[in-house]
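Me: I have a structure to go through with you. I will ask how each label is earned, and I would like short answers.

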Amino acid sequence: MAEMFQGGVHRASRIRRAVVIGNGFAGAENQSIGLVRALGLWGRQSVYRVTRPRGGINEWLHWLPLSLHRKVMPLPAERTAQASHPDVLEADAKQIAEMARQTFDTDGPLLVVASGRDTIPVSSAIKHLAPENVFVVQIQHPRSHLNRFDLVITPLHDYYPLTPEGQGQIPWFLRRWITPREPPGSNVVLTVGALHQADFTALRNAASAWHAELAPLPRPLLVVNIGGPARNCSYGVDLGKRLAAMLQNVLWSCGCVRISFSRRTPEKLSRILMKEFGTNPKVYIWDGEGCNPHMGHLACADAFVITADSVSMLSEACSTGKPVYVIGAEHCTWKFADFQNSLQERGVVRPFTDVQVLELYTTQ
């Protein structure tokens with residue numbers, strides 16, 4: 001630890017407060033919140049957010065740096081972080097750094113935890129403006145100049161481009177542009193998957209909160225979490241048809257099945273499962289209305305089936321120690337295929353086949 005923080009470990013050990021900087025995406029923000037919870041600082045944090053213009057032509061401008069994007073398409077007042085969530089402030093590096101300096105003598109150093117590409121300019125600026133008053137943790141690989149941060153936490157598969165397999169997939173004339181270009185330094189912590197909030201306390205609380213609805217259900221309870229196609233894990237309605245057929249094959253062995261879609265799930269795919277199971281008394285499909293049962297499902301499920309596109313959902317389910325089955329891993333490419341391979345090599349997931357799930361249930 002002393003080597004990792006290069007003299008900053010004493011400063012880090014006195015941290016009693018935190019700032020979380022998010023980008024508006026649950027997958028990124030949950031990682032920062034999960035780290036703050038694990039450090040015992042939840043309840044002593046402030047939450048900030050960087051907001052990028054969205055909708056219409058903005059979807060074609062997401063590759064621009066955030067500052068330039070806002071100049072090209074100014075953010076309407078009603079779209080700011082505070083307008084959408086009164087308890088979440090729009091992130092301003094100068095204000096946060098000034099607050100850290102002014103309160104340092106009374107409150108000690110400020111932990112800054114940020115996740116996502118759009119948060120990098122803000123978190124690095126805070127470190128530059130108040131280097132002696134903050135400890136900055138950047139989650140997800142910032143691509144370059146990692147010395148801007150006290151600590152970088154990133155999945156192991158982000159370093160896939162440095163492996164022989166990764167190098168073999170990159171044309172030689174593009175290799176200088178693919179990051180990362182060097183092995184992790186002493187301020188980098190590698191994880192297998194994504195950080196998240198599903199720790200022991202959160203699952204225990206979720207089990208209590210969802211006890212009345214989930215505890216009486218017949219067992220075994222199979223939870224199916226469906227994400228959506230991504231750039232490096234592309235699939236279509238064929239996956240939905242295959243999933244529906246395989247679920248029909250194992251349905252007789254389940255006490256019940258609960259299916260959840262994400263915001264990224266294509267409507268064509270969700271319609272296939274709704275048509276197949278919408279009237280089946282053994283199957284519950286969450287339609288996005290009411291309280292999200294996700295944490296309750298993590299706490300109370302006996303097994304999971306999860307589409308391969310979501311690193312976050314897989315990381316959460318694997319952390320419960322329950323059987324996790326993946327569908328669609330063959331569609332993953334590049335570093336996401338490496339992530340799927342690492343999970344299978346560690347024995348924490350298996351490909352979803354109706355035979356395997358039947359074996360699991362008949363031995364319970």
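Me: Why is Glu330 called exposed?
Reply: In this predicted model, Glu330 has a relative accessibility of 52%. Exposed means over 50%, so Glu330 counts as exposed.

Me: What makes Glu330 and Arg242 a salt bridge?
Reply: Their side chains meet at 2.5 Å, N to O. The cut-off is 4 Å between a side-chain nitrogen of Lys or Arg and a carboxyl oxygen of Asp or Glu. The pair therefore qualifies. It links distant parts of the chain: Arg242 sits in helix H12, and Glu330 in the loop between strand E12 (324–327) and H16, 88 residues apart.

Me: Is Arg242 buried, partly exposed or exposed, and why?
Reply: Arg242 has 33% relative accessibility. Buried needs under 20% and exposed over 50%. Arg242 therefore counts as partly exposed.

Me: What makes Lys335 and Asp158 a salt bridge?
Reply: The N to O distance is 2.7 Å, and the limit is 4 Å. Lys335 lies in helix H16 and Asp158 in the loop between E6 and H9, so the bridge ties together parts that are 177 residues apart in sequence. Lys335 and Asp158 are both buried. The whole structure holds ten salt bridges.

Me: How do you know that Arg271 and Glu267 are about one helical turn apart?
Reply: They are four residues apart in helix H13 (residues 267–277), which means a separation of about one helical turn. Their side chains meet in a salt bridge at 3.1 Å, N to O, against a limit of 4 Å.

Me: Why do Arg271 and Glu267 get their exposure labels?
Reply: The dividing value is 50%. Glu267 has a relative accessible area of 56%, so Glu267 is exposed. Arg271 has 46%, so Arg271 is partly exposed.

Me: Why is the pair of Tyr160 and Trp334 called edge-to-face?
Reply: Two values decide this label. The ring centres are 5.3 Å apart, and pairing requires centres within 6.5 Å. The planes stand at 85 degrees, and planes over 60 degrees apart count as edge-to-face. So the pair is edge-to-face. The structure holds three aromatic pairs.

Me: Where do Tyr160 and Trp334 lie in the chain?
Reply: Tyr160 is in the loop between strand E6 (151–155) and helix H9 (164–168), and Trp334 is in helix H16 (residues 334–345). They are 174 residues apart.

Me: Why do Tyr160 and Trp334 carry the exposure labels they do?
Reply: The cut-off for buried is under 20%. Tyr160 has a relative accessible area of 7%, so Tyr160 is buried. Trp334 has 22%, so Trp334 is partly exposed.

Me: What is notable in the phi of Trp334?
Reply: Phi of Trp334 is near 55 degrees, a positive value in a residue other than glycine. Gln140 also has a positive phi, near 80 degrees. Gln140 lies in the loop between strand E5 (134–139) and E6.

Me: How do you know that Asn232 is buried?
Reply: Asn232 has a relative accessible area of 15%. Buried means under 20%, so Asn232 is buried. Its place is the loop between strand E8 (221–226) and helix H12 (237–250). Beyond its neighbours within four places in sequence, Asn232 has contacts that include His331, Trp334 and Phe336.

Me: What makes Arg176 sit over the ring of Trp177?
Reply: Arg176 lies over the face of Trp177, 4.8 Å from the ring centre. The distance limit is 6 Å.

Me: Which residues form a nonpolar patch with Trp177?
Reply: Trp172, Phe173 and Leu174 join Trp177 in a nonpolar surface patch of about 560 Å². Patch residues need over 30% relative accessible area. Leu174 has 34%, so Leu174 meets that condition. Leu174 is in the loop between H9 and strand E7 (188–191).

Me: Which peptide bond is cis in the loop between H9 and E7?
Reply: The bond from Thr179 to Pro180 is cis, with omega near -5 degrees. Pro180 is found in that loop. The bond from Arg219 to Pro220 is cis too, with omega near 0 degrees.

Technical notes
Residues are numbered from 1 along each chain as its sequence is written. This is a predicted model: local features need pLDDT of at least 70, side-chain atom pairs count only at pLDDT 80 or more; totals for chains, interfaces and linings use all residues. Side-chain values use heavy atoms; hydrogens and water are left out. Helices (H or I, at least four residues) and strands (E, at least two) are DSSP runs, numbered from the N terminus. Buried means under 20% relative accessible area, exposed over 50%, partly exposed in between (1.4 Å probe, protein chains only). Contact means heavy atoms within 4.5 Å. Rings of Phe, Tyr and Trp (its six-membered ring) pair if their centres lie within 6.5 Å; planes under 30 degrees apart count as stacked, over 60 as edge-to-face and the rest as tilted. A charge sits over a ring if NZ of Lys or CZ of Arg is within 6 Å of the ring centre and within 35 degrees of the ring normal. Patches are made of residues with over 30% relative accessible area and no salt bridge: like charges are joined within 9 Å, nonpolar side chains (Val, Leu, Ile, Met, Phe, Trp, Tyr) within 5 Å. Accessible areas come from the Shrake-Rupley method with a 1.4 Å probe; for residues, only the protein chains shown count as cover.
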